[in-house]
Amino acid sequence: MIRPPPLALALTLAVILALDATGCSPEVGRGNAGEGGGAGITVAAAASLTDAFTELVAAFGAPVELDFGPSSSLREQLLAGAPADVFAPADRSSMDAVVAAGVASDPRDFATNQLQIVVPAGNRAGVSGLADFADAGRLLGLCAEEVPCGRFARQALSNAGVNPVVDTNEPDVRALLTKVEAGELDAGIVYRSDVLAAGDTVEGVDLPADAGVTTSYPIATLAGSHHPDDAAAFVAYVLSDEGRAILAAHGFGPP
Amino acid sequence: MTAGTAPRRRAGQGRTPWLIAPLAAVAVAYVALPFAALLQRAPWTDLDDLVGQPVVTDALRLSITTALAATAVSLVIGVPLAWVLARGHLPGRSATRALITLPMVLPPVVGGAALLFAFGRRGLLGGPVYESTGLLLPYSVWGVVAANTFVAMPFLVLTVESGLRAADQRYEDAAATLGASRWTILRRVTLPHAGPSIVAGAVLCWARALGEFGATVTFAGNLQGRTQTMPLAVFLALESDRDAAIALSLVLMAVSLAVLLPLRDRWLTG
């Protein structure tokens, strides 16, 4: 049973690392919302909502723990029973899956977002539209097809009749944006709100109206919430005029 | 770590102190249970379909080859570094050791970003190289090897260093007294003594590189057939299809076990 030290260590590491490969480990600790400790609610929200929701929570007043991640990862965590009180993904399909499983109910759209081409400040590669995404000579990135921003970007490219030649499919929208900000990519397709959040380091190029894809953000309270009233109050605040104003300031449109 | 091999055989198997065995059993159970749970969730009936796809075979081939390449690079530059740390007399040795250990501590994603700032298109070194030659590490298979090496090499360096320290230096002194050159001593005395620790270090390094995710995706990106290794494929499969993600993880585990289990008898008990 007992192995010699080096190999036991090697095996243990190999298996731990193999597990680590399935990702999401930083989000394991989720505060104490599920413990009924009265320390506030936990909101699982799409990574693209990071800045807007951080400001919303500050304005909301009551303690709220924010858990940001790719919508699809959050969905998997919630379906696996992770404790949270409110879910706000970046696409309806993630919400639908959670509602179908009985984990959330009565979702409502609270915002919309548009896609934009993002280029490093100065746009040295001279990217001007979707057609440039077929150019193998440029360094181009998209979100991976498996995450909403990648799916929507491919939809927009397909609407425009462009067959993209990309150098990387990033696992989430922030990862893609970071590479463009650092100038390591000539262009990517992200949400308008992300371009706004990145400030002066990047520039946004609007998509033509007929290729534009508008995404809806739904929000719902979760069935397993230990603080259903607080959760409902937060959802109401997001949907309120005050909440919408904050979202608008971060580049999100009305639902 | 490797110092334990010789005394273990001399002590014999029947004389284990009473508390050792149950504690070791707890350790084994703690690691084994999550894997049992994973196996129990595995989609056994669809396994063939899931793992036969090109996305999986591409990722598996890339993972194995880049992990091997990273191990080779780590051996070439890591073993000399381990020797310097164990035997050399340079000032700032502990600072060097701390530095070389940093990639183990750093979240790999941060390591990947640091690599980008150093070797990316706008990086400290990568910038001038790209401007003059057009060569770029990110988005290429060499970028994957670079990320793997950065994260995995410390495991080799620290293991080999401890092996060199544990080896009895009097053999080297004796060889020197008998007129052996420094190079001969290294080749005929030091390295053979450090052999098991070099193998153990290489295995650790390879295993770490095989599972590497964060630095790879941040530095090299993610493109099937070019930079998408198994961990990246697993991560993205998890976004859309949990069964596929578990199936891919099983493949990764099977590959590492297939390599690690035979290695034990072949090398480490000799």
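**Notebook: cavity lining and helix H4**

I looked first at the largest cavity of this predicted model, and I noted that its lining draws at least three residues from each of domain 1 (31-112 + 216-249) and domain 2 (113-214) of chain A.

I then asked how much space lies in the largest cavity, and I recorded about 100 Å³. Of the 13 residues that line this cavity, I listed A:Pro70, A:Ser71, A:Pro148, A:Cys149 and A:Val173 as the closest to its centre. When I sorted the lining by residue class, I obtained nine nonpolar residues, three polar and one charged. I also searched the rest of the structure, which holds three cavities of 30 Å³ or more.

My next entry concerns helix H4 (residues 92-100) of chain A, where I found A:Ser94, A:Met95 and A:Val98 to be the buried residues. They lie on the same side of H4(A), because they cover an arc of only 95 degrees around the axis. This agrees with the general rule that an α-helix has 3.6 residues a turn, so residues three or four places apart point the same way. I looked up what these buried residues of H4(A) pack against, and noted helix H3 (71-79), strand E3 (86-88), strand E4 (104-120) and strand E9 (214-222) of chain A. After H4(A) comes A:Gly102, for which I noted a positive phi, near 80 degrees.

Finally, I took stock of chain A as a whole, and I counted nine helices and nine strands in its secondary structure. Of its 255 residues, 54% are buried. Among contacts in chain A with a separation of 6 or more, I found that 73% are between residues 24 or more positions apart.

Methods. Residues are numbered from 1 along each chain as its sequence is written. Chains are lettered from A and ligands numbered from 1 in the order in which they are written. This is a predicted model: local features need pLDDT of at least 70, side-chain atom pairs count only at pLDDT 80 or more; totals for chains, interfaces and linings use all residues. Side-chain values use heavy atoms; hydrogens and water are left out. On a 1 Å grid over the protein atoms alone, a cavity is a set of points where a 1.4 Å probe fits but cannot get out, and a pocket is an open set with protein on both sides within 12 Å along at least five of seven lines; lining residues have an atom within 4 Å of a point. Grid points are joined across faces, edges and corners, and a volume is the space filled by probe spheres set on the points. Ala, Val, Leu, Ile, Met, Phe, Trp, Tyr, Cys and Pro count as nonpolar, Asp, Glu, Lys and Arg as charged, and the others, Gly among them, as polar. Domain bounds come from an automatic or database domain assignment. Buried means under 20% relative accessible area, exposed over 50%, partly exposed in between (1.4 Å probe, protein chains only). Helices (H or I, at least four residues) and strands (E, at least two) are DSSP runs, numbered from the N terminus. The arc is that of the directions from the helix axis to the C-beta atoms. Contact means heavy atoms within 4.5 Å.
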